Amino acid sequence: MPAEVMDGFQTVLRFFMNQKATIGYSFMALLTIGGERVFSMVSFQCPCNHDQNFAYGITFLLGPAAVLLVLGLFMSTRLWRLYTGCCLNPLKLCPRGNCFGCLRVVLNIISGACVAPVMWLSVALLNGTFYECAVSGLDDNVVVNLFCVNKTLKCREELAHVPCDRSQLTPGERMELLLMLRAQSQILGWCIIIVAAVVGLCGTCYTNCRSKVSYLQLTFWKRYVEKEKEHFDSFALSYASRLAERNLQSFFENKEPAPFPFPNHRAWEEISALYTFSRSEQSYSTLQRYVEGTDHNDAPEKRPVMDVEHGIEMS
């Protein structure tokens, strides 16, 4: 393959690697749109009943958003890094007594988990199917007067049937009400999109404005954290494989296991803590802070075991 083609391919690959977050959000948006269309076309059937419309429509509108929020929190490694072990040692929630930094991390975790729910709500409201069903079932006088002002009493009685073809209103009246419901839904959808965009922009501007490092150093910092995580996963897989192989070999061959130096419990605790930046030290993570630190009095463990005596065990 010519060198020019290889250089072009590497440039394209490097561009996509640098835009992983953007590509991930775009893929999430496509999945959200596809999921909403599947829900609307396959499983959603508005009951067109005064007593059931609101509960049914609001469940389809907010239910998937709540599930996506829980999944986003469940998949957040930063959340588990903050939460794991905090019942036994509450100080883990605020390392070095930095409660404000801990609160900022929690807000970042929640805001990151809200991306998918906001996408779902935006797409669902722009489509309007769930909102039409939910609002048409409300008996509140404000809602009824809004849609049925200057209309006959039949409008009030048939409002819940508007999302279906069973309405006894004329096709013109039904379409007018349906368009009003859809317009409201789309306005709410665009409001959510605009608010999310403004909040995201303001949050990014505030974070960069309060940054203690320059833009290029912040960019390097982000790249370092990504690479450290990649190499940590690789090292963890390699060491776990070697340790498992050593233990199995010792078991099946019925002999003493070979020495296997392993980080002690204190080392694991230190590198698992949340990182807080300090101008007095040039480090970009808790791992680098620990490696470059001088206080390494504890010798590595020769036998990596779990402390079952204190209630820590693996299944």
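How many helices and how many strands are there in the protein chain?

**Figure 1. The whole chain, a predicted model.** The protein chain has 13 helices and 0 strands. Starting at the N terminus, you meet one α element after another: α-α-α-α-α-α-α-α-α-α-α-α-α. Of the 315 residues in the chain, 25% are buried. The accessible surface comes to about 21,700 Å², and carbon and sulfur atoms make up 66% of that area. Now think about which parts of the chain touch each other. Among contacts with a separation of 6 or more, 65% are between residues 24 or more positions apart.

**Figure 2. A positive patch on the surface.** Five names to look for here are Arg 78, Arg 104, Arg 210, Lys 212 and Arg 279, which form a positive surface patch. Let us pick out Lys 212. This residue sits in the loop that links helix 10 (171–209) to helix 11 (215–253). Is Lys 212 buried, exposed or partly exposed? Its relative accessible area is 47%, so Lys 212 counts as partly exposed.

**Figure 3. Gln 288 and its contacts.** Helix 13, residues 286–292, is where you will find Gln 288. Gln 288 counts as buried because its relative accessibility is 15%, and the cut-off for buried is under 20%. Which residues does Gln 288 touch, leaving aside its neighbours within four places in sequence? The contacts are with Tyr 224, Glu 228, Gln 282 and Ser 283.

**Figure 4. Cys 48, a loop residue with a positive phi.** Look in the loop between helix 2 (20–43) and helix 3 (53–74) to find Cys 48. The phi of Cys 48 is near 55 degrees, a positive value, although this residue is not a glycine. Why point this out? Most residues other than glycine have a negative phi. Is Cys 48 buried or exposed? With a relative accessible area of 3%, Cys 48 is buried.

**Figure 5. Asn 254, a loop residue with a positive phi.** This view moves to the loop between helix 11 and helix 12 (265–272), where Asn 254 lies. Asn 254 is another residue other than glycine with a positive phi, near 55 degrees. Is Asn 254 buried or exposed? Its relative accessible area is 71%, so Asn 254 is exposed. Try viewing Figures 4 and 5 side by side: Cys 48 is buried, whereas Asn 254 is exposed.

Conventions:
Residues numbered from 1 in each chain as written. Predicted model: local features only at pLDDT ≥ 70, side-chain atom pairs only at ≥ 80, totals over all residues. Heavy atoms only, no water. Helix = DSSP H or I, 4+ residues; strand = E, 2+ residues; numbered from the N terminus. Buried < 20%, exposed > 50% of the residue type's maximum accessible area, 1.4 Å probe, protein only. Contact = heavy atoms within 4.5 Å. Areas by Shrake-Rupley, 256 points an atom, 1.4 Å probe, with all protein chains shown as cover. Patch = residues over 30% accessible without salt bridge, like charges linked within 9 Å, V, L, I, M, F, W, Y side chains within 5 Å. Salt bridge = Lys/Arg side-chain N within 4 Å of Asp/Glu carboxyl O. Lys, Arg positive; Asp, Glu negative; His and termini not counted. Charge placed at Lys NZ, Arg CZ, Asp CG, Glu CD.
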